[in-house]
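Take a moment with the sequence and the fold below. We will begin at one residue and work outward to the whole chain.

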Amino acid sequence: MLLVAPAVFAQDTGNTGDEASANVENARPARKDVKSTFENGVVINNQDVMTTPKKTLEFMIQHRFGLMENFDDLGGLFGPSNIRLGLNYGITSRLTVGIGATKDKTLYDLDWKYAILKQKTHGGSSISVTYYGTVARSA
């Protein structure tokens with residue numbers, strides 16, 4: 001018994017090969033925000049341009065070592081230090097608000113950060129601009 005399978009070929013008659021390759025070349029990639037410029041919103045106890053992602057609660061422990069007076073304090077580890085505990089919440093992808101408490105001088109603070117301009121990929125903005133504000137009250 002002899003079986004023969006018919007061959008079927010298909011071609012889109014709307015575009016020729018040259019037109020399709022021209023469309024691919026002219027297509028621009030989507031401009032997206034650059035992610036993880038820094039790992040989080042603070043670099044060595046200073047604010048950076050990153051905001052907390054939308055609907056994300058972030059708990060921060062910031063520990064500052066004391067003065068290095070002699071070898072007995074192990075490089076400031078056992079000296080007088082300061083600790084800040086804080087909570088940050090991303091209201092939107094651009095706006096973060098937070099509260100915190102600092103051991104030294106018993107400070108309570110409220111802070112906010114707003115990303116005015118975010119760095120983009122593929123020909124977008126090459127810089128990020130963020131506004132940071134804070135108010136503190138001594139207990």
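Start with D109. Its relative accessibility is 12%, so D109 counts as buried; the cut-off for that label is under 20%. Keep in mind that this is a predicted model.

Where does D109 sit? Its place is in strand β6, which covers residues 107–117. What does its side chain touch? The side chain of D109 makes a polar contact with the side chain of R84, at 2.7 Å. R84 also appears in the wider list of contacts. Leaving aside neighbours within four places in sequence, D109 is in contact with R84, G98, I99, G100, A101, T102, T134, V135 and A136.

Now step back to the sheet. Five strands form an open sheet in the order β3-β4-β5-β6-β7, and the pairing is antiparallel. Why do β3 and β7 each have one side without a neighbour in the sheet? β3 (57–64) and β7 (129–138) stand at the edges with a single partner strand each, so one side of each is left without a neighbour there. From one strand to the next, the twist averages 20 degrees.

Look at one pair in that sheet. β3 and strand β4 (residues 82–90) pair in the antiparallel sense over eight bridges. M60 stands opposite G86 in β4.

Finally, take in the whole chain. The protein chain has one helix and seven strands. From the N terminus on, the elements run α-β-β-β-β-β-β-β. Of its 139 residues, 21% count as buried. The accessible surface comes to about 10900 Å², and 59% of that belongs to carbon and sulfur atoms.

Note on methods: Residues numbered from 1 in each chain as written. Predicted model: local features only at pLDDT ≥ 70, side-chain atom pairs only at ≥ 80, totals over all residues. Heavy atoms only, no water. Helix = DSSP H or I, 4+ residues; strand = E, 2+ residues; numbered from the N terminus. Buried < 20%, exposed > 50% of the residue type's maximum accessible area, 1.4 Å probe, protein only. Polar contact = N/O pair within 3.5 Å; in protein donor to acceptor, adjacent residues only side chain to side chain. Contact = heavy atoms within 4.5 Å. Pairing = 2+ DSSP bridges. Axes fitted to C-alpha atoms, helices over the stretch in contact; angles between N-to-C directions. Areas by Shrake-Rupley, 256 points an atom, 1.4 Å probe, with all protein chains shown as cover.
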